[in-house]
Amino acid sequence: MSKSKRVATIALCIALAFVLSFLESLIPINIGIPGVKLGLANSITLAAIYLLGKREAFFISMLRILLAGLLFSGAFSLVYSYAGGILSFLVMIAAMKSEKLSPVGVSVLGAAVHNVGQIIVAAVVMNSSQIVYYLPVLLISGAVSGVLVGIVSGIVIARLNNIVKKL
């Protein structure tokens with residue numbers, strides 16, 4: 001891929017991830033479980049890992065977390081988002097390297113570890129280990145959203161590949 005195609009693809013991924021974060025902030029999903037969300041923007045991160053590589057995907061993910069955090073959820077939530085985002089990114093990279101998991105499996109692992117990262121930050125912020133009892137609820141919801149994000153990622157990978165070929 002030429003340098004200009006690569007830059008255009010990275011910019012497209014940032015824009016798509018940001019738009020998905022915005023759309024998700026508009027969805028009034030309240031199932032009575034705080035902290036549960038779909039994580040649709042993570043489909044772009046996962047697609048970027050497969051299409052562009054880990055350095056570019058990390059940049060896309062961290063920039064999206066920063067922009068979405070500042071515009072949609074507040075500066076304090078950035079701590080939670082970055083903790084979950086960095087941990088999940090590292091696990092997704094390791095899972096992808098194993099070549100034994102599909103994007104859906106990689107996504108489920110990423111979602112689970114994202115929740116673990118957020119629980120760790122919450123335990124530190126609240127100075128209480130009692131928040132760990134909430135982890136099973138987040139892991140179940142994370143597995144469901146991870147499957148959905150993995151399916152969407154497969155579609156995004158195919159579509160972005162087609163777009164990049166046309167550039």
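Which residue just after H3 takes a positive phi? Select Gly74: its phi is about 105 degrees. Helices are DSSP runs of H or I with at least four residues, numbered from the N terminus. The model is predicted, with local features requiring pLDDT of at least 70 and side-chain atom pairs counted only at pLDDT 80 or more, while totals for chains, interfaces and linings use all residues. Residues are numbered from 1 along each chain as its sequence is written, and side-chain values use heavy atoms, with hydrogens and water left out.

**Helix H3 and its cover**

Next, select H3, which spans residues 54-73. Its buried residues (under 20% relative accessible area, with a 1.4 Å probe and protein chains only) are Glu56, Ala57, Ile60, Ser61, Met62, Arg64, Ile65, Ala68 and Gly69. Display H1, H2 and helix H4 (77-98) as well, since these are included in what covers the buried residues of H3.

**H2 against H3**

Keep H3 and add H2 (residues 42-51): the two helices pack at an angle of about 165 degrees, with their axes 8 Å apart. Here axes are lines fitted to C-alpha atoms, for helices over the stretch in contact, and angles run from 0 to 180 degrees between N-to-C directions. The pair is therefore roughly antiparallel, a term for angles over 145 degrees. On the H2 side, the contact (heavy atoms within 4.5 Å) is made by Asn42, Ile44, Thr45, Ala48 and Ile49, and on the H3 side by Ala57, Ile60, Ser61 and Arg64. H2 passes H3 in a right-handed crossing, in which the near helix is turned clockwise from the far one by less than a right angle.

**H1 against H3**

Now replace H2 with H1 (residues 3-26). H1 and H3 pack at an angle of about 35 degrees, and their axes lie 9 Å apart. This crossing, too, is right-handed. Residues to highlight at the contact include Arg6, Ala17, Phe18 and Ser21 of H1, together with Glu56, Ile60, Arg64 and Ala68 of H3.

**The salt bridge**

Select Glu56 and Arg6. They form a salt bridge, the closest N and O atoms being 3.2 Å apart; the term requires a side-chain nitrogen of Lys or Arg within 4 Å of a carboxyl oxygen of Asp or Glu. The structure holds one salt bridge. It links distant parts of the chain, with Glu56 in H3 and Arg6 in H1, 50 residues apart. Glu56 counts as buried because its relative accessibility is 17%, whereas Arg6, at 25%, is partly exposed (between 20% and 50%).

**Arg64**

Move along H3 to Arg64. This residue is buried yet has no salt bridge, and the nearest side chain of opposite charge, Glu24, is 6.7 Å away. For charge, Lys and Arg count as positive and Asp and Glu as negative, with His and the chain ends not counted. Beyond its neighbours within four places in sequence, Arg64 is in contact with Ala17, Phe18, Ser21, Ala41, Asn42 and Gly69.

**Ala111 and two loop residues**

Select Ala111 in helix H5 (residues 103-126). Its relative accessibility of 15% is why Ala111 counts as buried. Apart from neighbours within four places in sequence, Ala111 contacts Gly142, Ser145 and Gly146.

Finally, visit Glu99 in the loop between H4 and H5, where phi is positive at about 60 degrees although the residue is not a glycine. At 70% relative accessibility, Glu99 counts as exposed (over 50%). Asn127, in the loop between H5 and helix H6 (135-166), has a positive phi near 55 degrees.

Terms used: Parallel < 35°, antiparallel > 145°, perpendicular 65-115°, else oblique.
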